[in-house]
Amino acid sequence: MSAPAHARRRAAAVPPSGLWSPQHRALTTGLVLTTTFIAVEALAVLTIMPRVAHDLGGLSLYGWVFSGFMLASLVGAVAAGRDADRVGPARPYLAGLALFAAGLAVAGLAPSMAVLVVGRCLQGLGAGATPALMYVAIGRRLPERVRPQMMAVLSSAWVVPGLLGPLLSAEVTRAFGWRVVFLGLIPLVALAGALALPPLVRIGRPPAEGGAVREPAVEQQPSPAHPAAMEDSPSVGRSGVGHAAATGGQPAPRGPARAPEHALGDALRTAVGGALLLEALASSSAALVAVLAAAGLAVGVPALRRLLPVGTLAARRGLPATILSRGLLTFAFFGADAYVTLAFTTVLHRSTTATGAFITLPTLTWTVGSWLQARLSHSREGRGFVRAGLVLLLGGIGGMALSLRPGVPVGVAFLAWSAAGLGMGLAYAPTSLLTLREATVDRTGWASASLNLADVLGTALGTGVGGGALVLASNEGWSLSTGVTVAFALAAAGAIAGLAVSRRLPLQGVEAAERAKRVSWAA
């Protein structure tokens, strides 16, 4: 029997390992529920916060209910990623759930707005840990061929909360009070942990020596076909034929030395620097803006450089460019998304019902885009999805700016922001998958934490820069429409920068495989 035929027979003997197969069902269900309770909580807080502020007072701390959560999640992501690389994902996942549940309890029982902010910070620590650990679990446990499907499933977990979460939280608040919204989520957190924790325990700690993560299902049943398959993989080894194909046919040297472990002190300094920058962007005093911004940059940037892969801020090709593109993607989308509802209700004067539909449509199209990239991921290049997504996002932002002009039909706004949601669905998951491909098996926690840092900072800075545009408009006496348009323009600049960086994303999939074949045939 020929070697290829023998390899095919051995590969066929490997049992199916889809997302809902017995060996992955509990992990998939647990991660979906984890995503669901985070989504429900996020959307519920947006809905009930006006009532909370009315009951507790402390309106000056209103913004910190959201900023505190976001900046604490940065610290949680770093701590969880570091612990996952040391002992595996189970322990930091359990700690993240405990912190999130504790934050829900503190927020639900808060006697003042200051205590509520403390509870939200605890929630942020836990919520920041969970996405990083999800990526670790996906990278170490799931076969590479089903990872795009998993990303689509996790995106779908936002659909039901997006459709029903605001309505249910509003009804619960009306019937029982806003405290029940926080406290009522604790059982869901416990259920998600009970399902996800056992498979996370089985993942265990990573091996001491790194290697590219590929097919765990095949590794569990080794065969003579496996080495051949690994040699054909276009990304394995960073120094073999595959990487030579991805770099224009020249074999590459061994990769850079192992990056140092993330330091919690750097995460805290980055969070403090981010907080100072956000305060600067919200200030109406030019002198105070300059002082706070300078202090924020001085404190945050050196620490951030140590937390991110070397060359990230310079868009170095490979993992650094992937991390940077994710930050620019979230900067562009959330920097505009934070103000589209303001534009829709205040500038375009639309009803609450129409606003609800307007918010729901991008959630649905994001899910459609995520499933579309999952179906096409085996025949299309990952960075192509990122580019297409950024183009759609840029068009969506432009459409929203156009919709603010007099005489433009309101349907333009619906169409524009639905296109932006579709673009995010196409681009978001591929950046996660590219990060997992570039990470070694013992550094998925480090890489996932870096990706989460880009997420948090991109979202925070995009939202903060847009807020700064509104402050500028107010100070200069401009109309609200002008201020929102400036915010949209700044978000669009982030999308344009993302398109420029996307050219430096690593190759994977069909294009890299074809290059590998050409190099192999030439040899």
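Is Thr-330 buried or exposed, and what is its relative accessible area? Thr-330 is buried, with a relative accessible area of 1%. The legends below start from this residue and then visit other parts of the predicted model.

**View 1. Thr-330 inside helix α15.** Welcome to the first stop, Thr-330, which sits in helix α15, residues 319-347. Its relative accessible area of 1% falls under the 20% limit for a buried residue. The Thr-330 side chain reaches back to the backbone oxygen of Gly-327, at a distance of 3.0 Å.

**View 2. Thr-459 inside helix α19.** Here is another threonine to look at, placed in helix α19, which covers residues 444-476. Thr-459 has a relative accessibility of 17% and therefore counts as buried. From its side chain to the backbone oxygen of Asp-455 the distance is 2.9 Å.

**View 3. The long run of helix α2 and its kink at Ile-48.** Helix α2 takes in residues 22-56, 35 residues in total. From its first C-alpha to its last it reaches 48 Å, close to the 51 Å expected at 1.5 Å a residue. Follow the helix to Ile-48 and you will find a kink of about 50°, shortly before the proline Pro-50. Just after α2 comes Gly-57, with a positive phi of about 75°.

**View 4. Helix α5 and its cover.** The 29 residues of α5 should span 42 Å at 1.5 Å a residue, and the end C-alpha atoms, 41 Å apart, agree with that. Most of this helix is covered, with 22 of its 29 residues buried.

**View 5. A salt bridge between Arg-120 and Glu-41.** Side chains of opposite charge can pair when their charged atoms come close. In this pair, the closest N and O atoms of Arg-120 and Glu-41 are 2.3 Å apart. Arg-120 belongs to helix α5 (residues 113-141) and Glu-41 to helix α2, so the bridge ties together parts that are 79 residues apart in sequence. Both partners are buried: Arg-120 is, and so is Glu-41. If you like to keep a tally, the model has ten salt bridges.

**View 6. Asp-83 and Arg-91, a buried residue paired with an exposed one.** What separates the charged groups here is 2.5 Å, taken between the closest N and O atoms of Asp-83 and Arg-91. Asp-83 counts as buried at 13% relative accessibility, whereas Arg-91, at 52%, counts as exposed.

**View 7. Arg-306 and Asp-266, a bridge between two helices.** The side chains of Arg-306 and Asp-266 meet in a salt bridge, 2.8 Å from N to O. Arg-306 lies in helix α14 (residues 286-307) and Asp-266 in helix α13 (residues 264-282), so this pair links parts that are 40 residues apart in sequence. Arg-306 is partly exposed at 45% relative accessibility, while Asp-266 is buried at 6%. Elsewhere, Asp-85, Arg-140 and Arg-443 are joined into one network by salt bridges that share partners.

**View 8. A nonpolar patch on the surface.** Six residues to pick out are Val-160, Leu-163, Leu-164, Leu-168, Leu-361 and Leu-364, which together have about 490 Å² of accessible area. The elements giving two or more residues to the patch are α7 (159-176) and α16 (352-376). Helix α7 provides the largest share, four residues. Leu-164, placed in helix α7, is partly exposed, with a relative accessible area of 42%.

**View 9. Met-151 and Ser-432, brought together across the sequence.** Met-151 and Ser-432 are 281 residues apart along the chain, and their C-alpha atoms are separated by 8.4 Å. Met-151 lies in helix α6, residues 147-156. This methionine counts as buried, at 8% relative accessibility.

**View 10. Positive phi at Ala-315 and His-349.** For a last look, turn to the loops. Ala-315 lies in the loop between α14 and α15, and its phi is near 60°, a positive value in a residue other than glycine. His-349 lies in the loop between α15 and α16, and its phi is also near 60°. As for cover, Ala-315 is buried, with a relative accessible area of 10%, whereas His-349 counts as exposed at 63% relative accessibility.

How values were computed:
Residues are numbered from 1 along each chain as its sequence is written. This is a predicted model: local features need pLDDT of at least 70, side-chain atom pairs count only at pLDDT 80 or more; totals for chains, interfaces and linings use all residues. Side-chain values use heavy atoms; hydrogens and water are left out. Patches are made of residues with over 30% relative accessible area and no salt bridge: like charges are joined within 9 Å, nonpolar side chains (Val, Leu, Ile, Met, Phe, Trp, Tyr) within 5 Å. Accessible areas come from the Shrake-Rupley method with a 1.4 Å probe; for residues, only the protein chains shown count as cover. A salt bridge is a side-chain nitrogen of Lys or Arg within 4 Å of a carboxyl oxygen of Asp or Glu. Buried means under 20% relative accessible area, exposed over 50%, partly exposed in between (1.4 Å probe, protein chains only). The expected span of a helix is 1.5 Å times one less than its number of residues. The bend at a residue is the angle between axes fitted to the seven residues ending there and the seven starting there. A polar contact is a pair of N or O atoms within 3.5 Å; within protein, one must be able to donate a hydrogen and the other to accept it, and residues adjacent in sequence count only if both atoms are side-chain atoms.
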